[in-house]
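Open the structure in your viewer and keep the selection box at hand. We will go from stop to stop, selecting residues and looking at what is there.

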Amino acid sequence: MKTNEHSSIITTRRAFLGQAGMAGLAMATAPAWADTVKLPLPGGPEERQITTAFPEKGPMILQRTRPPLLETPFEVFDRGVFTPNEQFFVRWHWAVIPNAVDVDQFRLAVRGHVEKPLSLSLKDIVDGLPRVELAAVNQCSGNSRGLFQPRVPGGQWLNGAMGNAKWTGVRLKDVLDRAGVKAGAVQVRFNGLDEPVVDGAPDFMKSLDIDHARDGEVMIAYAMNGRQMPLVNGFPLRLIVPGWYSTYWIKMLNDIEVLDKPDDNYWMKTAYLIPDTPHASVTPGQTGFKTVPINRMVPRSFVTNLKDGASVPAGASTLVRGIAFGGDTGVAKVELSPDGGKSWLVTTLGKDEGKYSFRQWQANITLADKGQHKLMVRCTNADGVAQPDQPNWNPGGFMRNLVETTTVMAA
């Protein structure tokens, strides 16, 4: 995480505040279809619409309009390690989302088990605290859920419920220190401006243990990729929890509460639980297993320049490239198999943007024989954790990260 001194970035901060104040933040409600995309989901659907209905957003794969579930078209990931704001995936739990945010009236509350409760304006945060930058992957817990077999309920994502950005903001630790955390604090709970659709439904809130919240890496972002954050991605403030699944990355963050006991709200105690087993995996129909809240991400890697079924020249050199990330730590190596896992070669890694970022990789292969070939890609992270060769299964459809296969035809 990079830190910039206050004197060197005040102009940038003022420019950001001016930009935020002038920006149009209305959110679309009417659909606009640009095209459709084929989906290789075992349980369907076979295709989805591409929408351009959401301001500040380019073409996105539409799962649902309210609350918005927008998936990044996979070809976007071949264009670089940073996912453009306009095609960064979107996932909300409740449909009552503000269509606009008045930046002059907006306040972030810091309360609970603290010495001095705070009510911070956006200017207080942008101009009043040290700025930090961090590249980090934001990935939905259920990314690739649509590939689970047997099928499980929930958003049937392919592989595009993820994105990587360079986040700009302030350390959560600096905000908590300004409020003064009292002795005996156990967790910190985060809430945003979205609200349940019906009375009595559980407000979406998530918590981190106090030591995690104060580790200096968790941050509150007000910009992504050097620009204002799109409304549907969490404007004006979003919690960034590097290395952890995006269920903790609260959007439109407006309330921070320090707790002196464990959080037992629905979204911590009941929802987003995973089996406390290797790879969070159980047998379909299995019951009685211990569960824990979902937490750290696991390594993944993908081929991005070749689609399944692509044709490549037989007997000639073919460039294969893609992206990888180590989950909760950096990428140590990415290996490619041109023969369905019989042999593996170590690929060349691209620029390291930080241990929580996507990292590009590439390799040249020659497929001598005409016909079908299975390309497999495997990431091993800096802790020595490698992608498994078999898929996991759990009733939530969480944490899929098996070795991916892309079938190509040599002709």
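This tour goes through a predicted model, one selection at a time.

**Stop 1: the annotated span**

Select residues 97-267. UniProt, in an unreviewed entry, gives this stretch the feature "domain: Oxidoreductase molybdopterin-binding". Look at the two ends of the selection. Their C-alpha atoms lie 18 Å apart. Now colour by secondary structure. The span is 12% helix and 34% strand.

**Stop 2: a strand with two partners**

Select strand E7, residues 107-112. Add strand E8, residues 118-121. The two pair in the antiparallel sense, over 4 bridges. Zoom in on Leu108: its bridge partner in E8 is Leu120. How many residues make the hairpin that joins E7 to E8? Count along the chain and you should find 5 residues.

Next, add strand E16, residues 253-259. E7 pairs with E16 too, but here the sense is parallel, over 4 bridges. Find Ala109, then look across to Asp255 in E16, which stands opposite. In general, strands of a sheet pair through backbone hydrogen bonds, either parallel or antiparallel. Switch on the backbone atoms to follow the pairing.

**Stop 3: a helix and the residue after it**

Select helix H3, residues 172-179. Which of its residues are buried? They include Leu172, Asp174 and Val175. Leu176 and Ala179 are buried as well. Step on to Gly180, which follows H3. The phi of Gly180 is positive, near 80 degrees.

**Stop 4: a nonpolar patch**

Turn on the surface and select Val96, Val197 and Val198. Together they make a nonpolar surface patch of about 240 Å². Keep Val198 selected. It sits in the loop between strand E11 (187-192) and strand E12 (205-209). Is Val198 buried or exposed? Its relative accessibility is 52%, so Val198 counts as exposed; the cut-off is over 50%.

**Stop 5: an antiparallel sheet**

Hide the surface. Select E19, E21, E25 and E24. These 4 strands form an open sheet in that order, with antiparallel pairing. Look for the edge strands: E19 (300-303) and E24 (348-349) each pair on one side only. Then trace E19 against E21, residues 317-325. They run antiparallel and are joined by 4 bridges. One place to look is Val303, whose bridge partner in E21 is Gly322.

**Stop 6: a mixed sheet**

Now select E20, E27, E26, E22 and E23. These 5 strands form an open sheet in the order E20-E27-E26-E22-E23, and the pairing is mixed. Which strands stand at the edges? They are E20 (310-312) and E23. Each has a single partner strand, so one side of each is left without a neighbour in the sheet. Focus on E22 and E23, which pair in the antiparallel sense over 2 bridges. Pick Glu335 and find its bridge partner in E23, Val346.

**Stop 7: a loop glycine**

Stay with these two strands. Gly340 is in the loop between E22 (331-337) and E23 (345-346). Gly340 counts as partly exposed because its relative accessibility is 37%. Now add Lys374. Gly340 and Lys374 are 34 residues apart along the chain, yet their C-alpha atoms are separated by 4.8 Å. Add Met376 as a last selection. Leaving aside neighbours within four places in sequence, Gly340 is in contact with Lys374 and Met376.

Notes
Residues numbered from 1 in each chain as written. Predicted model: local features only at pLDDT ≥ 70, side-chain atom pairs only at ≥ 80, totals over all residues. Heavy atoms only, no water. UniProt positions renumbered as here; feature names shortened; annotations may be inferred. Buried < 20%, exposed > 50% of the residue type's maximum accessible area, 1.4 Å probe, protein only. Patch = residues over 30% accessible without salt bridge, like charges linked within 9 Å, V, L, I, M, F, W, Y side chains within 5 Å. Areas by Shrake-Rupley, 256 points an atom, 1.4 Å probe, with all protein chains shown as cover. Salt bridge = Lys/Arg side-chain N within 4 Å of Asp/Glu carboxyl O. Contact = heavy atoms within 4.5 Å. Pairing = 2+ DSSP bridges.
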